[in-house]
Amino acid sequence: MNGITGNKVATRRYSQPPIGAKVLAVARSVFVKRGFQEAHVLAHWPEIVGDGLAEFSAPEKLVFPRGSGDDGGKARRSGATLTIRVDGPIAVEIRHLEPQIIERINSYYGYGAVARLKLVQGPLPQKPRPRFRRIRALRPEERARLKQDLEKIEEPSLREALERLGERVIGAERRR
């Protein structure tokens with residue numbers, strides 16, 4: 001194929017970049033203010049410390065000592081203090097596991113970026129609740145009413161789809 005119509009590279013070159021790239025560019029400035037040059041620790045915190053500890057802790061700030069990595073960007077910054085917000089008595093366990101946590105964080109960075117942890121007691125931000133609702137089984141009178149309402153629909157696949165939709169709408173538990 002010749003010409004512009006068959007050139008897929010040209011159409012990709014002039015198309016809009018994915019929204020994820022734009023979001024990352026905007027978020028990078030916020031991460032840098034908190035000392036996170038790379039967001040690996042924030043994004044992978046549950047994998048680093050485990051789900052049990054991650055539920056009650058969150059990395060908050062990464063502070064490098066003055067003069068670390070100031071030679072024109074050739075050396076990586078090291079010896080940082082990672083501030084972790086903890087909720088409840090989990091701080092004792094995190095303090096006990098500090099060497100292992102630091103080792104796992106540094107393995108994510110690929111070098112000895114973090115030297116120590118600083119724990120700050122305080123409430124964690126609320127985690128988003130799951131968006132799905134629990135669906136209960138329909139009572140016999142609800143099921144009979146739904147079947148009666150759908151009798152008029154002649155197309156079997158449409159009727160089945162509407163029946164499944166009706167079961168989910170009627171059986172959805174309301175949040176209080």
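User: Before I get lost, what does "contact" mean here, and which residues is Trp-45 in contact with once its neighbours within four places in sequence are left aside?

Analyst: Contact means heavy atoms within 4.5 Å. In this predicted model, Trp-45 touches Gly-50, Ala-54, Ser-57, Ala-58 and Pro-59, and also Leu-82, Ile-84, Ile-101 and Ile-105, leaving aside neighbours within four places in sequence.

User: How many residues are in the largest nonpolar core, and which have the most contacts inside it?

Analyst: That core holds 22 residues. Trp-45 is among those with the most contacts inside it, along with Leu-82, Ile-101, Ile-105, Val-114 and Leu-117. As for who supplies it, α4 (45–49), α5 (51–54), β2 (80–86), α6 (90–96), α7 (98–109) and β3 (114–121) each give at least two residues.

User: Okay, zoom out for me. How many helices and strands are there, and in what order do they run?

Analyst: Count nine helices and three strands. Starting at the N terminus, the order reads α-α-α-α-α-β-β-α-α-β-α-α. For contacts between residues at least 6 apart in sequence, 66% link residues at least 24 apart.

User: Let's try one residue in a strand. Is Thr-81 buried or exposed?

Analyst: The cut-off you need is that buried means under 20% relative accessible area. Thr-81 has 18%, so Thr-81 counts as buried. You'll find Thr-81 in strand β2, where its contacts, leaving aside neighbours within four places in sequence, are Lys-61, Leu-62, Val-63, Arg-116 and Lys-118. Across the chain of 176 residues, 24% are buried.

User: And the outside? Which residues form a nonpolar patch on the surface?

Analyst: Look at Leu-158, Leu-162, Leu-165, Val-169 and Ile-170, which together have about 410 Å² of accessible area. Take Leu-162, in helix α9 (residues 156–171): its relative accessibility is 30%, so Leu-162 counts as partly exposed. The whole chain has an accessible surface of about 13,500 Å², and carbon and sulfur atoms account for 55% of that.

User: Last one, about confidence. What is the mean pLDDT of the chain, and which elements have the lowest and highest means?

Analyst: Read pLDDT as the predictor's confidence in each residue, from 0 to 100. The chain averages 79, with 68% of its residues at 70 or more. By element, helix α1 (residues 8–13) has the lowest mean, 55, while helix α8 (residues 140–150) has the highest, 93.

Note on methods: Residues numbered from 1 in each chain as written. Predicted model: local features only at pLDDT ≥ 70, side-chain atom pairs only at ≥ 80, totals over all residues. Heavy atoms only, no water. Core = buried A, V, L, I, M, F, W, Y, C linked by side-chain atoms within 4.5 Å. Buried < 20%, exposed > 50% of the residue type's maximum accessible area, 1.4 Å probe, protein only. Helix = DSSP H or I, 4+ residues; strand = E, 2+ residues; numbered from the N terminus. Areas by Shrake-Rupley, 256 points an atom, 1.4 Å probe, with all protein chains shown as cover. Patch = residues over 30% accessible without salt bridge, like charges linked within 9 Å, V, L, I, M, F, W, Y side chains within 5 Å. Salt bridge = Lys/Arg side-chain N within 4 Å of Asp/Glu carboxyl O.
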